[in-house]
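Me: I have a new structure on my screen and would like to learn how to read it. Could you take me through the features one at a time?

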Amino acid sequence: MENSKKDFIISEALGYFLKYGVKNFTMDDIAEKLGVSKKTLYLLFTNKETLLFETVDELWKNFLVEVQVINEVEELNPLQKIVKIYTFSISTIKAIDPVFIQSLQKYQSKVMKSFQDNREYFRSEIIKPLLVKAKEEELIFQDLDINFFIEVNFENVDKRIWYEKIISQHSETEIVNYLITYRLKGIATNPSLL
């Protein structure tokens, strides 16, 4: 029972944080909005930062489950998987109000560090192995420095989408094409495979 209540609170609080940010949304607000007592809330989460850590963890966990589903599609080559993963990523980013990230940066540096660690995990443990596999399959140029390519091209895709406001000015397809697909075509031995 306690775990299901905790999961419910994490899931619902995540929705509020993503929509309204973290600064102006207090534990009292969360208790009231979710119809749980403050006592229950504080028994499950020591403080707002603890709840935030768990909601950010939930956000990434849900995201990575979907990424893994894409990654397991055998009909796609590694470059196509990267495009599909980033297409999903951009639709996920679109659902997150920039105020959430800005408020994490400004008011919750420890939680933001956790968010950044997950972002790094995504690049190093999901995107990089796909590029390594693409290189092994000779889908990309053999002299490509994969680490440098990731750093230059994929380092801050989410930040660029939020802060340059391109998500409100362009379709998801355009964003994926310009930020991901065209860059991959530039390193592909056969761009028509994308």
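Reply: Let's start with burial: a residue is buried when its relative accessible area is under 20%, exposed when that area is over 50%, and partly exposed in between, using a 1.4 Å probe and protein chains only. This is a predicted model, where local features need pLDDT of at least 70, side-chain atom pairs count only at pLDDT 80 or more, and totals for chains, interfaces and linings use all residues. Residues are numbered from 1 along each chain as its sequence is written, and side-chain values use heavy atoms, with hydrogens and water left out.

Me: Is Phe45 buried or exposed?

Reply: Phe45 has 0% relative accessibility, so Phe45 counts as buried. For the protein, 43% of the 194 residues count as buried. Ser4, with a relative accessible area of 46%, is partly exposed.

Me: How many helices and strands are there?

Reply: Helices (H or I, at least four residues) and strands (E, at least two) are DSSP runs, numbered from the N terminus. Here you get 11 helices and 0 strands. Ser4 sits in helix 1 (residues 2-20), while Phe45 is in the loop between helix 3 (38-44) and helix 4. As for the overall dimensions, the C-alpha trace spans about 60 × 35 × 25 Å along its principal axes.

Me: What about places far apart along the chain?

Reply: Take Ser4 and Phe148: they are 144 residues apart along the chain, and 43 Å separates their C-alpha atoms. Thr87 and Lys159 are 72 residues apart in sequence, with 15 Å from C-alpha to C-alpha. Thr87 lies in helix 5 and has 33% relative accessibility, so Thr87 counts as partly exposed.

Me: Next, aromatic rings. How many aromatic pairs are there?

Reply: Rings of Phe, Tyr and Trp (its six-membered ring) pair if their centres lie within 6.5 Å; planes under 30 degrees apart are stacked, over 60 edge-to-face, and the rest tilted. By that rule, the count is 10 aromatic pairs. One of them joins Trp60 and Phe115: the ring centres are 5.4 Å apart and the planes are at 65°, so this pair is edge-to-face. Because Trp60 lies in helix 4 (residues 48-71) and Phe115 in helix 7 (residues 109-136), the pair ties together parts that are 55 residues apart in sequence. Trp60 and Phe115 are both buried.

Me: And why is the pair of Tyr86 and Phe122 edge-to-face?

Reply: The planes of Tyr86 and Phe122 are at 75°, with ring centres 5.6 Å apart, so the pair is edge-to-face. Tyr86 is in helix 5 (residues 78-94) and Phe122 in helix 7, so parts 36 residues apart in sequence are tied together. Tyr86 has 3% relative accessibility and so counts as buried; Phe122, at 6%, counts as buried too. Ring pairs also link up into a cluster, made of Trp60, Phe63, Tyr86, Phe88, Phe115, Phe122, Phe149 and Phe154.

Me: How do I read a cavity?

Reply: On a 1 Å grid over the protein atoms alone, a cavity is a set of points where a 1.4 Å probe fits but cannot get out; lining residues have an atom within 4 Å of a point. Points are joined across faces, edges and corners, and the volume is the space filled by probe spheres set on them. This structure holds 1 cavity of 30 Å³ or more, and the largest has a volume of about 230 Å³. Its lining has 17 residues, and the closest to the centre are Trp60, Phe63, Ser89, Ile93 and Asp158. Helix 4, helix 5, helix 7 and helix 9 (157-163) each supply at least two residues of that lining.

Me: Helix 7 keeps coming up. Where does helix 7 bend?

Reply: A bend at a residue is the angle between axes fitted to the seven residues ending there and the seven starting there. Helix 7 bends by about 30° at Lys128, and a proline, Pro129, follows within four residues.

Me: What comes just after helix 7?

Reply: Most residues other than glycine have a negative phi. Glu138 has a positive phi of about 55° although it is not a glycine. Glu138 lies in the loop between helix 7 and helix 8 (146-154), and at 55% relative accessibility Glu138 counts as exposed.

Definitions and conventions: On a 1 Å grid over the protein atoms alone, a cavity is a set of points where a 1.4 Å probe fits but cannot get out, and a pocket is an open set with protein on both sides within 12 Å along at least five of seven lines; lining residues have an atom within 4 Å of a point.
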